[in-house]
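Reader: Got a minute to go through this one with me? Pull it up and let's start wherever you like.

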Amino acid sequence: TPWDALKYLIAGVNYGGHVTDDWDRRLLLTYINDLFTDATLEVPFFKLSSLPTYYVPRDGPLSSYKEYVNQLPGMDHPEAFGQHPNADISSQIRETRALFGTLLSLQPQVSVSEGVSSEDKVLELSAEVLKGLPEEIDYEQTAKLLADDPSPLNVVLLQEIERYNALLVVIRNSLVDLEKAIKGLVVMSSDLEETFSCIHDARVPPLWEKAYPSHKPLGPWTRDLHERVELFAEWAKTTHPPHIFWMSGFTFPTGFLTAVLQ
């Protein structure tokens with residue numbers, strides 16, 4: 001049909017070649033399928049969204065279409081694209097973070113203020129983080145204690161211990177390597193340079209954020225990590241689940257919920 005040809009021409013050729021993400025292509029096809037229908041031509045003033053401003057105007061000369069386009073809002077609302085109004089809030093938060101992140105990155109990294117250089121500041125902060133870093137939980141000993149009771153909750157506990165131990169190893173190794181790189185003992189890689197900038201700005205390095213999402217700055221994040229590890233260390237020590245579960249303390253809450261249902 002002509003619609004299929006137009007859908008392929010616009011979604012697959014004109015725009016499809018520029019859209020590489022699978023989810024973006026899926027969204028583009030959804031928009032195309034909703035708009036490229038017979039109702040667009042048959043229904044008078046066919047609505048293009050839930051907002052009354054967006055519709056297919058009446059047939060007329062070119063000037064009437066220009067007039068309609070000129071009266072459209074200068075800033076499109078999320079509802080114009082079928083999204084929830086909160087999508088605008090999320091977008092503004094993300095843009096604000098990107099803006100301030102760029103401003104922080106423009107600060108000089110080698111300046112000396114009050115007799116303390118950037119390297120000395122990062123060395124001091126990294127030493128504090130390394131000193132307050134909790135010890136790894138004994139996975140092997142915990143597995144032996146729970147060997148006689150392979151319940152779903154115990155499996156979740158072992159998985160969480162494994163993930164947090166891996167995170168602690170990554171943090172400890174990156175801090176040790178960063179100290180060596182600042183002193184000139186090893187090469188400053190791109191990951192270490194990014195860790196240096198994040199610690200200097202009191203932000204959590206992306207290398208440490210792979211276990212669970214968080215928007216906290218470096219100080220509260222490290223205290224939160226200590227509480228998380230302490231929770232599972234106590235659980236592993238007593239081999240009894242806590243009376244109250246800290247849902248956000250799990251790196252994979254879905255697995256915990258599945259274990260509870262079982």
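Author: Let's start at Phe45, which lies in the loop between α3 (39-42) and α4 (62-70). Bear in mind that this is a predicted model.

Reader: OK, what's phi doing at Phe45?

Author: Phi of Phe45 is near 50°, so a positive value, and the residue isn't a glycine.

Reader: And is Phe45 buried, exposed or partly exposed?

Author: Phe45 has a relative accessible area of 39%, so it counts as partly exposed.

Reader: Where else do you see a positive phi in a residue other than glycine?

Author: At Thr239, with phi near 60°. Thr239 sits in the loop between α10 and α11, and it is partly exposed because its relative accessibility is 27%. There's also Ala202, just after α9, with a positive phi of about 60°.

Reader: Since you brought up α9, which of its residues are buried?

Author: Leu192, Thr195, Phe196, Cys198, Ile199 and His200. The cover over those buried residues includes α6, α8 and α10.

Reader: Switching to the core. Which residues touch the most other members of the largest nonpolar core?

Author: Ile171, Trp208 and Leu225, out of 34 residues in that core. The elements giving two or more residues to the core are α6 (118-132), α8 (152-182), α9 (190-200), α10 (218-238) and α11 (253-261). The largest share is from α8, with 13 residues.

Reader: Why would you expect nonpolar side chains to be buried together?

Author: As a general tendency, that is what they do in soluble globular proteins.

Reader: Back to Trp208, what does it touch?

Author: Leaving out residues up to four places away in sequence, Trp208 touches Val129, Leu167, Val170, Ile171, Ser174, Leu175, Thr195, Ile199, Leu218 and Trp221. Trp208 is also part of an aromatic cluster, together with Tyr164, Tyr212, Trp221, Phe232, Trp235, Phe245, Phe250 and Phe256.

Reader: How many aromatic pairs are there in the whole structure?

Author: The search finds 13. Take Phe232 and Phe250: the ring centres are 5.3 Å apart and the planes are at 80°, so that pair is edge-to-face.

Reader: Which parts of the chain does that pair tie together?

Author: Phe232 is in helix α10 and Phe250 is in the loop between α10 and α11, so the pair links parts 18 residues apart in sequence.

Reader: Are those two rings' residues buried or exposed?

Author: Phe232 is buried, with a relative accessible area of 0%. Phe250 counts as buried too, at 3% relative accessibility.

Reader: What about Arg228, which rings does its charged end sit over?

Author: One is the ring of Tyr212, with the charged end 3.7 Å from the ring centre. Another is the ring of Trp246, at 5.4 Å from the centre. Tyr212 is one of the residues in the aromatic cluster I listed.

Reader: Last stop, Leu130. Where is it found?

Author: Leu130 is in helix α6, and it counts as partly exposed because its relative accessibility is 28%.

Reader: What does Leu130 contact, neighbours within four places aside?

Author: Arg172, Leu175 and Val176.

Reader: And how far is Leu130 from Leu168, C-alpha to C-alpha?

Author: Those C-alpha atoms are separated by 9.9 Å, with the two residues 38 apart along the chain.

Key:
Residues numbered from 1 in each chain as written. Predicted model: local features only at pLDDT ≥ 70, side-chain atom pairs only at ≥ 80, totals over all residues. Heavy atoms only, no water. Core = buried A, V, L, I, M, F, W, Y, C linked by side-chain atoms within 4.5 Å. Buried < 20%, exposed > 50% of the residue type's maximum accessible area, 1.4 Å probe, protein only. Helix = DSSP H or I, 4+ residues; strand = E, 2+ residues; numbered from the N terminus. Contact = heavy atoms within 4.5 Å. Phe/Tyr/Trp six-rings, centres within 6.5 Å; stacked < 30°, edge-to-face > 60°. Lys NZ or Arg CZ within 6 Å of the ring centre and 35° of its normal.
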